[in-house]
Amino acid sequence: EAIEKGGYEHFMLKEIFEQPRSIADSMRGRINTTDATLLLGGLGSYLDKIAKTKRIVIVACGTSWHAGLVGEYLLEELARINVEVEYASEFRYRNPIIKEGDIVIAISQSGETADTMAALELAKSKGAIILGVCNVVGSSIARITHAGVYTHAGPEIGVASTKAFTAQVTVLTLIAIAVAQKKGSISDQLYRELIFGLDAIPAKVEKILKNADKVKEISKLFTFASNFIFLGRGLNFPVALEGALKLKEISYIHAEGYPAAEMKHGPIALIDEDMPVVFIATKDSSYEKIVSNIQEVKARKGRVIAIVTEGDTLIPKMVDFTIEVPRTNDLLLPLLTSIPLQLISYYIAVLRGRNVDQPRNLAKSVTVE
Ligand code: G6P
């Protein structure tokens, strides 16, 4: 097992550090920067069908559901298709409105999650075209779907998903760009910016990981927290949800993820000097808004850790700690902002003496209802 961990203390840490490669592997052979092309062979003629549809339903559980929320935002923004993201377990137990020819996409690392599989079977029985974004080749979900795009994250051993999540987001970004290109709903300039932007992501993730020691130092100061709030807007909202889930899963600290503006409708009541609040506050279109959300938390003495864009000079003056991520196109931010949150959860859990690779009560793949 020590050999399998490749010198890392835990599989989770190894998998976090593998992300420059797993993201690159999930793009390899699919994007080509020489002639700025994008090819998703696994979708074949289904790409046409997605481009023609009026509605896509994404079904998933857990971390994969969070990746689905990122996918929703990207498909709506780039391809202008209405997307709904459903918990597979909820979808299957109502009478979902699915018509012949509707597109249902399942996202699943293992490809074996019982609820996701059952949701797909139901959708298929109603005549839907079912597609998969799976990590495990030949898994049940990969086999039942009409077509799909594999994530090439490699085997994920740690129960808390890390590299599978960023691989899912990578593949969903590729799908959204491909569909948008097919539909003609993306400008040439944005298309090229995204292709070249994606190509640069692995090196940027590497740069964030080089700073892991700083994240570890910050994490030390929060080891004894009993609650955490994670806030983000737009594409960084699902990242906030994922950050909170990760912390809950492995450190057993109660954490909530919220859209930053929604904070004033509830969570703000929880904020005092003992409440750590993680803001994902990159320089994107909601920057000004999130700065005012940070002010609201600081006015109530919350302790703020902010994930900021490299070179930001304003937010570091307002908050307790900052962790920088490199610049990228706004639409690619989740691939960067999720990394420091994985590290925060990991270090806090280790410092609390938790079994990070096999947290209590959780299973890598939930194959029962
Ligand atoms: C379990 C795992 C999670 C995972 C979820 C969905 O709860 O612990 O890490 O996100 O199942 O799994 P899937 O294999 O379908 O992505």
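Here are three short exercises on this structure, each with a worked solution.

Residues are numbered from 1 along each chain as its sequence is written. This is a predicted model, where local features need pLDDT of at least 70, side-chain atom pairs count only at pLDDT 80 or more, and totals for chains, interfaces and linings use all residues. The mean pLDDT (the predictor's confidence in each residue, from 0 to 100) of the chain is 96, and 100% of its residues reach 70 or more.

**Exercise 1. Work out which strands sit at the edges of the five-stranded sheet, and what packs on it.**

Step 1: get the order. The open sheet runs β9-β8-β10-β11-β12, with parallel pairing. Strands here are DSSP runs of E with at least two residues, helices are runs of H or I with at least four, and both are numbered from the N terminus. Two strands pair if DSSP finds at least two bridges between them.

Step 2: find the edges. β9 (254-259) and β12 (321-325) each pair on one side only. From one strand to the next, the twist averages 20 degrees.

Step 3: zoom in on one pair. β8 (residues 227-232) and β9 share six bridges in the parallel sense, and Phe228 stands opposite Ala255 in β9.

Step 4: add the helix. α12 packs on the sheet and touches β8, β10 (276-280) and β11 (303-309). Its direction makes about 165 degrees with that of β11; such angles run from 0 to 180 degrees between N-to-C directions, with axes fitted to C-alpha atoms, for helices over the stretch in contact.

**Exercise 2. Place Lys298: which helix holds it, and what does it touch?**

Step 1: Lys298 belongs to helix α12 (residues 287-299).

Step 2: because it has 16 C-beta neighbours inside 10 Å, Lys298 counts as partly exposed (20 or more other C-beta atoms within 10 Å means buried, 12 or fewer exposed, in between partly exposed; C-beta atoms are placed from the backbone).

Step 3: leaving out residues up to four places away in sequence, Lys298 touches Val304 and Met318 (contact means C-beta atoms within 7 Å).

**Exercise 3. How do helices α4 and α8 pack?**

Step 1: α4 (residues 62-79) and α8 (residues 163-183) pack at about 20 degrees, with axes 9 Å apart.

Step 2: the two helices are therefore roughly parallel to each other (under 35 degrees; over 145 is roughly antiparallel, 65 to 115 roughly perpendicular, the rest oblique).

Step 3: check the contacts. Residues of α4 including Val70, Gly71 and Leu74 meet residues of α8 including Leu172, Ala176 and Ile177.

Key. Two residues are in contact if their C-beta atoms, placed from the backbone, lie within 7 Å.
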